[in-house]
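Dear colleague,

I am passing a structure on to you with this email, and below it you will find some notes on what turned up when I went through it. Please keep the structure open while you read, so that you can look up each place as it is mentioned.

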Amino acid sequence: MFTLAEVASLNDIQPTYRILKPWWDVFMDYLAVVMLMVAIFAGTMQLTKDQVVCLPVLQSTVNSKAQPSTSGRADFTTVETTTGQGEASSSMRTVSFGSAPTVTPEVPLSRATSSQYHPTESGQELKKEQKDSSGRKTNLDFQQYVFINQMCYHLALPWYSKYFPYLVLIHTIILIVSSNFWFKYPKTCSKIEHFVSILGKCFESPWTTKALSETACEDSEENKQRLTGAQSLPKYVSTSSDEGSPSASTPMITKSGFKFSSDKPMIEVPSVTILDKKDGEQAKALFEKVRKFRAHVEDSDLIYKLYVGQTVIKTVKFIFILCYTANFVNTISFEHICNPKVEHLIGYTQFECTHNMAYMLKKLLISYISLICVYGFICLYTLFWLFRIPLKEYSFEKVREESSFSDIPDVKNDFAFLLHMVDQYDQLYSKRFGVFLSEVSENKLREISLNHEWTFEKLRQHVSRNAQEKQELHLFMLSGVPDAVFDLTDLDVLKLELISEAKIPPKISQMTNLQELHLCHCPVKVEQTAFSFLRDHLRCLHVKFTDVAEIPAWVYLLKNLRELYLIGNLNSENNKMIGLESLRELRHLKILHVKSNLTKIPPNITDVAPHLTKLVIHNDGTKLVVLNSLKKMINVAELELQNCELERIPHAIFSLSNLQELDLKSNSIRTIEEIISFQHLKRLTCLKLWHNKIVEIPPSITHVRNLESLYLSNNKLESLPPAVFSLQKLRCLDVSYNSIALIPDEIGCLQNLQHFYITGNKVKILPKELFKCVKLRTLSLGQNSITSIPDKIGKLLQLTHLELKGNCLDRLPATLEQCSLLRKSGLVVEDHLFDTLPSEVKEVLNQDTSIPYANGI
């Protein structure tokens, strides 16, 4: 037999699931419990009460009267049968005349004896008994009655009367299982559990209370209403968390923007910056969980379909139960005719039976039908609710209107259905859940946490001085820009790297010294007032990006910008690049540095070409083909075209009459025959052709008379032509890392030469004419095959740097002492060679060891 506790376990739903149980589901659960009680009550009564009681039906009155005279005996039988709870007791008295044996059970002996001596008295008593009995007499004993009752219970009683309690029990269990199947189905229960856990955390999170409270406080009228409501509350009401924690099954708001005291009701305005660090981290984790859960659940509608399916099953079940039960209501009756066909055992063929439970079962059946009808109507209402509104879409429009979070997105499919279910429980859940769907809310949380962590003192500790002795602050991978940054009024350089939600507020106007800004993969949003300040004060801007779309649009409107550095992908498809906006507004731009993968110089550069004085293009190896735009840059003084796969010197360069410095590093230039055309560039003083494939320097180089610096390192030169040494203004000559075996004697003609680099060649002998270049300050002779250094090196009185490491030297000349400006820090040589010098020479060279920073000051 089922106990109530065992049956109740079938409807044992986790308390956390209550938020997904709308009123109709809860009401149907209660109806199911009542049906279970009906089933248990009916079953218990059937087991504890009589099933049926039967009496034989006599064939005819004549036969019953003629039977004693024919047999010559008279039978008088009195049968009293009492059946209850499976026990029977009988009392039977039989008096026989004639040849029949005399049986007098349960008759006292004194009475039998007295009847022998008082026959008249006994006859009177017998007549009295016959007069008192009003029915026909049968000759069945107690065992025969028990037997026939059992037979007729199975033959005469309708099956519905026998199995009604068990059918009710089975139907109710099926309905209970159907109501909770969506909680237990493997493919939905995990999503539901995850949703409920996240929803509970969102509901109880202090961040939701704070965010909604701040939203409420923004509306002054709503504040007045809240104040009025607060005054009307009892004085002892308090939302302090010290009074106790809410139960797990009933989530409560853990923090509130209001606190009430017994003296005077008051409103506590939430602080923008106060938020426990642990609560902030938990809120950040919740934002991530909600984002991932939404992406996982919105792509299917299995939960919705399963709920609709189980509701349809319950409705069909209700119709089925109602149809067949209505047909069997009338079969439950008190009287039944039984024909057991056991006449050879009993002597009778037909019996009249009574079903003792018929009345009660009929009442219970009617009650059960009533419950089923109510249950069915609720199922129909559920179906109406399911198909009346689009449950696969959920709009936070009302929440957006009531709060400052206007970006809360609408959701769909299973996510939307679950929120619709929650709304039937309490709409506040969805409202608080929506806070974690808002990017504005998430950014606001990040801002609060960021400002709490990065205080003014902490930022001050990260300020450093760069090579230009400017105060610099570098912020890397933060959730935003801390407000305290804009209190560093003496900052010169601000670097923001990998800050996806960077915003520059109007407070930046306090940073009057700020002139340089670095944005590395950081699409900064600038407010109007802040932009006005940057437009007037910013002089240098570095932007590093992955795609051209990441360049903020306001960059192209900084009219007072002097230097612009763009580093990122600007392939041929994006050559609208510099770009999406024109550079025409950058009227004061002087330096443009582009490090990308260009195939041609973007046309938009020509918008500012007349103003540019320096153009730097660093390619990643992509061949730069179209260079005609260079002709328009008439004021360019410095031009760098590095790693552009150039095979010859571009002809467009020869039109740049104001060009002073040309750098063609890391290209594929093999010949420089066009160098004769540089004679028209009267201002060209520096020519860098390093890291190419140049095999020979043409004699025509002598026509570039104003050249002061010539860089030809990392090429394939085997000799230096005399024409190079006719450049009387040459101050720096770099031919390192070639295959030069001999330094010509003509080098002595370069009286203005100050820096000579010939490291990494095949030089064996140093000509004496080299030391006629008395203005030499740097002499790099390392990694050659030099066997000795002439003593005339002492004539180089201005020498500060001498590199001799990697040669075949045995000793160093003592005349190094005469190089008054040379110190050990500027002498690059093996230690054992340095030890060969006389002690007085070492002492002179070591003079800077006591003042290590003398050269830097």
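**Helix 11 and its two sides**

In helix 11, the residues Asp279, Gly280, Ala283, Leu286, Phe287, Val290, Phe293 and Val297 are buried. Taken around the helix axis, these residues cover an arc of only 145°, which means that they sit on the same side of helix 11. The general background is that an α-helix has 3.6 residues a turn, so residues three or four places apart point the same way. On the face of helix 11 that is turned away from the buried side, you will find the exposed residues Lys277, Lys278, Lys292 and Ala295. The helix itself covers residues 277-297, which is 21 residues, and from its first C-alpha to its last it reaches 30 Å, close to the 30 Å expected at 1.5 Å a residue. Please keep in mind throughout that this is a predicted model, and that what follows describes the model as it stands.

**The disulfides**

How many disulfides does the structure hold? There are two, and as general background, a disulfide is a covalent bond between the sulfur atoms of two cysteines.

One of them is formed by Cys54 and Cys353, whose sulfur atoms are 2.0 Å apart. This pair links distant parts of the chain, since Cys54 belongs to strand 1 (residues 52-56) and Cys353 to strand 7 (residues 351-355), with the two positions 299 residues apart in the sense that they are 299 residues apart. The torsion about the S-S bond of Cys54 and Cys353 is about 110°, and therefore the disulfide is right-handed. Is each partner buried or exposed? Buried means under 20% relative accessible area, and Cys54, with a relative accessible area of 1%, is therefore buried; Cys353, at 3% relative accessibility, also counts as buried.

The other disulfide is formed by Cys152 and Cys338, with their sulfur atoms 2.1 Å apart. Cys152 lies in helix 6 (residues 142-155) and Cys338 in strand 6 (residues 335-338), so this pair ties together parts of the protein that are 186 residues apart in sequence. With -90° about the S-S bond, the link of Cys152 and Cys338 is left-handed. Cys152 is buried, with a relative accessible area of 1%, and Cys338 counts as buried at 1% relative accessibility.

If you number the bonded cysteines of the protein in sequence order, the pairing is 1-4, 2-3. Two further cysteines can be looked up as well: Cys373 counts as partly exposed at 22% relative accessibility, whereas Cys819 is buried, with a relative accessible area of 0%.

**Regions annotated in UniProt**

An unreviewed UniProt entry places the feature "transmembrane region" at residues 27-47, 163-183 and 365-387. In the model, the span of residues 27-47 is 100% helix and 0% strand, and its end C-alpha atoms lie 30 Å apart. The span of residues 365-387 is likewise 100% helix and 0% strand, with its end C-alpha atoms 33 Å apart.

**Strands 10, 11 and 12**

Strand 10 (residues 464-465) and strand 11 (residues 471-476) run antiparallel and are joined by two bridges. The two form a hairpin with five residues between them, and in the turn Glu469 has a positive phi of about 60°. Which residue of strand 11 is the bridge partner of Ser464? The partner is Glu472, and in strand 12 the bridge partner of Glu472 is Val493. Strand 11 and strand 12 (residues 493-497) run parallel, joined by five bridges.

**Two loop residues with positive phi**

His691 has a positive phi of about 55° although it is not a glycine. His691 is found in the loop between strand 22 (686-688) and strand 23 (709-711), and at 32% relative accessibility it counts as partly exposed. For Gln783, also a residue other than glycine, phi is near 55°, a positive value. Gln783 lies in the loop between strand 26 (778-780) and strand 27 (801-803), and it counts as partly exposed at 44% relative accessibility.

With kind regards

Key. Residues are numbered from 1 along each chain as its sequence is written. This is a predicted model: local features need pLDDT of at least 70, side-chain atom pairs count only at pLDDT 80 or more; totals for chains, interfaces and linings use all residues. Side-chain values use heavy atoms; hydrogens and water are left out. A disulfide is a pair of cysteine sulfur atoms within 2.5 Å. Helices (H or I, at least four residues) and strands (E, at least two) are DSSP runs, numbered from the N terminus. Buried means under 20% relative accessible area, exposed over 50%, partly exposed in between (1.4 Å probe, protein chains only). UniProt positions are given in the numbering used here, feature names are shortened, and annotations may be inferred rather than shown by experiment. The expected span of a helix is 1.5 Å times one less than its number of residues. The arc is that of the directions from the helix axis to the C-beta atoms. Two strands pair if DSSP finds at least two bridges between them.
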